[in-house]
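Trainee: I'd like a close look at one small part of this protein, and then a tour of whatever helps me place it. Could you take me through it?

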Amino acid sequence: MSVPVSQPTLGAALSRTGRAWALFEHGLLVFEHMLAPAGPFRLLVSQAQLCAKRQCDCRDVVLTAVGLDVGTDFSGLGLGSEEICSMLDGPKAMHALLDIDLGIVKPDEYEGRSPLSSDWLDYVQSQVDGDLLETLHDRWLQAKGFRPRELHALDSRALEPGELVAWHELHPDQRRDLYLDEDIVFLASEFYCVNSECDCAEATIDFAELLEKKRARSIGYVRVSLPDTQVIELSGPGTRLERLWSAFRTRHRNTGDRLATRKQRLAEIPRVDSRLALPSDTTQHVGRNDPCPCGSGKKFKRCCAG
């Protein structure tokens, strides 16, 4: 295990992020656990490894980790510490898998590996948030050799008055936001008004059950005001939709800022008069208002485009 010695100290890096985790360029992922307001502290230092085989579609990050009791001051603990590198390569290292899509952390006992301890497993799971998952997704694209695609213009002629636009429609290679509820996987899609003459401050989050053949069926949506995320409308099965909305807010800790920033970014996308170019071979000639090629009977923009 080789870690560059010129990297900043763990304490400085964690303080700068303002989170309980820090991910470094060479793949070191560190979680800080504060046991009391003034300490002591525990650190979980892990090496995050991604599969680089382009033909493989695995979405797990392999974590090799060691726990450190560092007392009340770890500001001088360097990332290039030979002791840490030796521990990560040694028999006391623990192992886990982190699913980039679902955000679920599981112990890894493959081929006799020592799994991540239950206390660390619970803590890491509580600290995995949307920012970390999206950062790991970007690293996954890099490891596979993919170049992220973004569509830089919006066809204003294809928009109907008051129509909402899905974030992923214009950012097709960003991470899909998936949630597991009672063994069913749901996709959260964010919709925004992009009418430059509209001053609404709202966002709509649609939750759809994932079906076979990459199809999805909406179960309802939550419409909220920005940036306070007060619920304006909840349309769908109340209990399940409330659970999914709660999970969304837990994963995206600064939900209001996230949604407001994304709405602003979409509002700044330039308009064009030509048809919107779509990212994949199966949908690139389908208009937003055309029937979806999956056969659902819905318009493309209300089905697989989301």
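Trainee: What does Cys58 count as, going by its relative accessibility?

Mentor: Cys58 counts as partly exposed, at 28% relative accessibility. On that scale, buried is under 20% relative accessible area, exposed is over 50%, and partly exposed is in between, with a 1.4 Å probe and protein chains only. Before going on, keep in mind that this is a predicted model, where local features need pLDDT of at least 70 and side-chain atom pairs count only at pLDDT 80 or more, while totals for chains, interfaces and linings use all residues. Residues are numbered from 1 along each chain as its sequence is written, and side-chain values use heavy atoms, with hydrogens and water left out.

Back to the cysteines. A disulfide here is a pair of cysteine sulfur atoms within 2.5 Å. For Cys58, the closest cysteine sulfur is that of Cys56, at 3.3 Å, which is too far for a bond. Cys51 has its closest cysteine sulfur in Cys58, 3.9 Å away, and that is also too far for a bond. Like its neighbour in that pair, Cys51 is partly exposed, with a relative accessible area of 23%. By this rule, the count of disulfides comes to 0.

Now the surroundings. The protein chain has 7 helices and 14 strands; helices (H or I, at least four residues) and strands (E, at least two) are DSSP runs, numbered from the N terminus. Of its 306 residues, 45% count as buried. The chain exposes about 15900 Å², and carbon and sulfur atoms supply 49% of that; these areas come from the Shrake-Rupley method with a 1.4 Å probe, and for residues only the protein chains shown count as cover. Contact means heavy atoms within 4.5 Å. Among contacts in the chain with a separation of 6 or more, residues 24 or more positions apart account for 54%.

Helix H3 (residues 118-127) makes a good stop. Its buried residues are Trp120, Leu121, Tyr123, Val124 and Gln127. What covers them includes strand E1 (21-23), strand E2 (28-34), strand E3 (41-49), strand E4 (60-71), strand E5 (94-99) and strand E6 (105-107). In the loop between E2 and E3 you'll find Ala38, which is exposed at a relative accessible area of 63%. Ala38 and Gly71 sit 33 residues apart along the chain, yet their C-alpha atoms are separated by 9.9 Å. Helix H2 (residues 82-89) holds Leu88, which is buried with a relative accessible area of 4%. From Leu88 to Ala65, the C-alpha distance is 6.2 Å, with their positions 23 residues apart in sequence.

Next, a helix pair. Two packed helices are described by the angle between their axes and the distance between the axes. Helix H6 (residues 238-251) and helix H7 (residues 255-267) pack at about 85 degrees, with axes 8 Å apart. Axes are lines fitted to C-alpha atoms, for helices over the stretch in contact, and angles run from 0 to 180 degrees between N-to-C directions. H6 and H7 are therefore roughly perpendicular; under 35 degrees would count as roughly parallel, over 145 as roughly antiparallel, 65 to 115 as roughly perpendicular and the rest as oblique. On the H6 side, Trp245, Phe248 and Arg249 meet Thr255, Arg258 and Leu259 in H7. Those residues divide into 3 nonpolar, 1 polar and 2 charged, where Ala, Val, Leu, Ile, Met, Phe, Trp, Tyr, Cys and Pro count as nonpolar, Asp, Glu, Lys and Arg as charged, and the others, Gly among them, as polar.

A loop residue touches this pair too. Thr229 lies between strand E12 (216-225) and strand E13 (231-235) and counts as buried at 15% relative accessibility. Leaving aside neighbours within four places in sequence, Thr229 is in contact with Val224, Trp245, Thr255, Gly256 and Leu259. Pro227 is in that loop between E12 and E13, and the peptide bond leading to Pro227 from Leu226 is cis, with omega near 5 degrees.

That brings up backbone oddities. Most residues other than glycine have a negative phi, and most peptide bonds are trans. Asp183, in the loop between strand E9 (177-181) and strand E10 (184-193), has a positive phi of about 65 degrees and is exposed at 74%. Lys213 has a positive phi of about 60 degrees; this lysine is exposed at 80%, in the loop between strand E11 (202-210) and E12.
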